[in-house]
Every structure is written in C-alpha cells, then in structure tokens.
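Trainee: I would like to learn how to read salt bridges in a model, and how the burial of each partner enters into that reading. Could you take me through a case?

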Amino acid sequence: MIPVKHICYLNELGQRAELEDSIFPAPGKATLSDRLFLVCDGVGGEHKGEEASRIACESFARYFLQFPPVPNQVDPTYITLAQAFVLEQLAAYASLHPEAARMSTTLALVYLDQERVTVAWCGDSRIYHLRKGKAIWHSTDHSFVSTLVQHGEITEKEARFHPQKNIITRSLSAAGPVSQIDLRQLEDIQPGDYLLLCTDGLLEQIEEERLAAILDNPNENKAGLFMAYCRDKTRDNFSMYLITLSGQPEKTTFSNKKGWLMVFIVLLLLAFTAVWWFLMQAPAHGPVKHHYKNYTIRL
C-alpha cells in the first residue's frame, strides 16, 4: 500500500448561508489507513445541493466497501459501476423529495491503491498532485470557462474572475443525463508528495503560487494555513483533503512474486532431498521388508 504520513481537511461554510460541500471520510474521521477520499460540491442551492453531495460521498464509500476493488484494478469500468450505483441513490432520494429532482454534485475522488493513485473527477472540483511546492499535475475542470481557456479565448487568470465561472458542464445528477467521469492513474509517487482534493471555493483565494507557499511552510498545521487565506474572504463554501505521502508504493510486482516462487522451489528440493536420504539410508539398518521400488511419492 502507498503509505500516508499526514491528512488534513477543511469543510467550511465560507460566506454562504448553507454548506453544500461534503467530504469523505467525514470531518475528523480520517485515519492514515484510509484509502478512499472524496470531496463533493453540491449544485443548485434550492435544489438540495447539500443532499446531492452528501449522498454522493456516502454512496461511493458504500460501493467501495461492498465491492472492494482488486489491487490496481480501479479502472474506468469499476468507476462507471460505482457511478451507476451513486446515481441510483440520488434518483431514489429525488423520487421521495420532488424538490430535489434537479439536485446534482461535483466529484473529486482519490483512491490509494497498491502501487499507484487513482483519481477521478466530474465538474469543477479539482485534484492536484504536488511535489516540492509545485503542481506536477492537476485535473481539468468540466466548466464553461475551462473550455474557453482550452480554446485560447481567455487566460487562466481571467477565468478566475469570469462572470460565468460557476457554470459547470458535467455533474452527477439525480435527473440525468449521465456525465462522464474522467479518470487518471498517478504512478510516479515519491516521498513527500501531496494530493489535494478541493472544491472551487478553495481556489477563489488559493493560486498555485500560494499553494507553494503553504506547502513549503514548515508549519505542520496546513489546514490552518489554508484557513488563513480563505476565512472571511471566500464567498463560496470551501472544502479540501490534503494527503501527505510518506514513501514509495510497496511493490507487488513480478520480482516479488519470483522471490516467493524461489522460496517454494527451495523448500520442494529440500523435501525431495530428505525423502531420498531416507530411502538410501534404510537398507543399512538390516533386512528391509518394504519394496521401495513400488514406493510412490505424491506431492
């Protein structure tokens, strides 16, 4: 398993009247042995966004618990099946609460596998892989302004202040249509790397330069440093998980399997040697009534 050194989180109201963000594990419940982390941002305000994010977190966690993934096999098929399960739970809630018929949520998912990290996302909640204060990779938002940036019509800085920056093009919705969840495998994992899952509210005040300042700060209370930037400044809810990795993945590759095979072969040879020695020594002790030529060894 990929070892974890430290975990910190935020799940804050910001300047909104309702907290529509949800995180998993629930606030204060994460441990260093946890493998699954989720950050979801409910969409819709009066359309029960807070319920959509809660249900998504709980349902993904339940699916991973009920159908534990085979090591290194959290692939698009597995995530698609998990998504279908989540959408069923959203639809079931909406069927009992008509006011929630249009609820939906974003998704940022991280799963720490045996030898790699699987990340999956939908909407504008973002995932970063950070090393030495710099982002070596981050997810691409499914949003209107992100499309404009990709086509070169606006810059990333302009996107942060664009009047339509809150329009997303994908989400997990109770009513459909089914949006594609993007997935990526992170295999270049080194000690001291960070994984950051966050809602777009956190990014109102935190740019990559500030990310570097926070992560390079010797203060281990990273949640407090993030809070100092966002408290009383961020208009939206802001939530995150920051996971500090402490080492390289434990390899379960062919080399290890080969090692176990060699141990088995050595033990087998020792067993054959012991049997052979016994058969060769037996006649020296006197008349032998057993006919060893008919002796069969079964393994």
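Mentor: Let us start from a single residue in this predicted model: Arg235 has a relative accessible area of 53% and is therefore exposed. Its salt-bridge partner is Glu204, with the closest N and O atoms 3.9 Å apart. Glu204, in contrast, is buried, at a relative accessible area of 17%.

Trainee: What is the general idea behind such a pair, and where in the chain do Glu204 and Arg235 lie?

Mentor: Side chains of opposite charge can pair when their charged atoms come close. Here the partners come from distant parts of the chain, 31 residues apart, with Glu204 in the loop between β11 and α5 (208-216) and Arg235 in the loop between α6 and β12.

Trainee: Which residues are joined into one network by salt bridges that share partners?

Mentor: Those residues are Glu51, Arg54 and Glu58. The count for the model comes to 9 salt bridges.

Trainee: How far apart are the closest N and O atoms of Asp236 and Arg16, and is Asp236 buried or exposed?

Mentor: The closest N and O atoms of that salt bridge are 3.5 Å apart, and the pair links distant parts of the chain, since Asp236 lies in the loop between α6 (222-230) and β12 (238-245) while Arg16 lies in the loop between β1 (4-12) and β2 (21-24), 220 residues apart. Asp236 counts as buried because its relative accessibility is 8%, whereas Arg16, at 37%, is partly exposed.

How values were computed
Residues numbered from 1 in each chain as written. Predicted model: local features only at pLDDT ≥ 70, side-chain atom pairs only at ≥ 80, totals over all residues. Heavy atoms only, no water. Salt bridge = Lys/Arg side-chain N within 4 Å of Asp/Glu carboxyl O. Helix = DSSP H or I, 4+ residues; strand = E, 2+ residues; numbered from the N terminus. Buried < 20%, exposed > 50% of the residue type's maximum accessible area, 1.4 Å probe, protein only.
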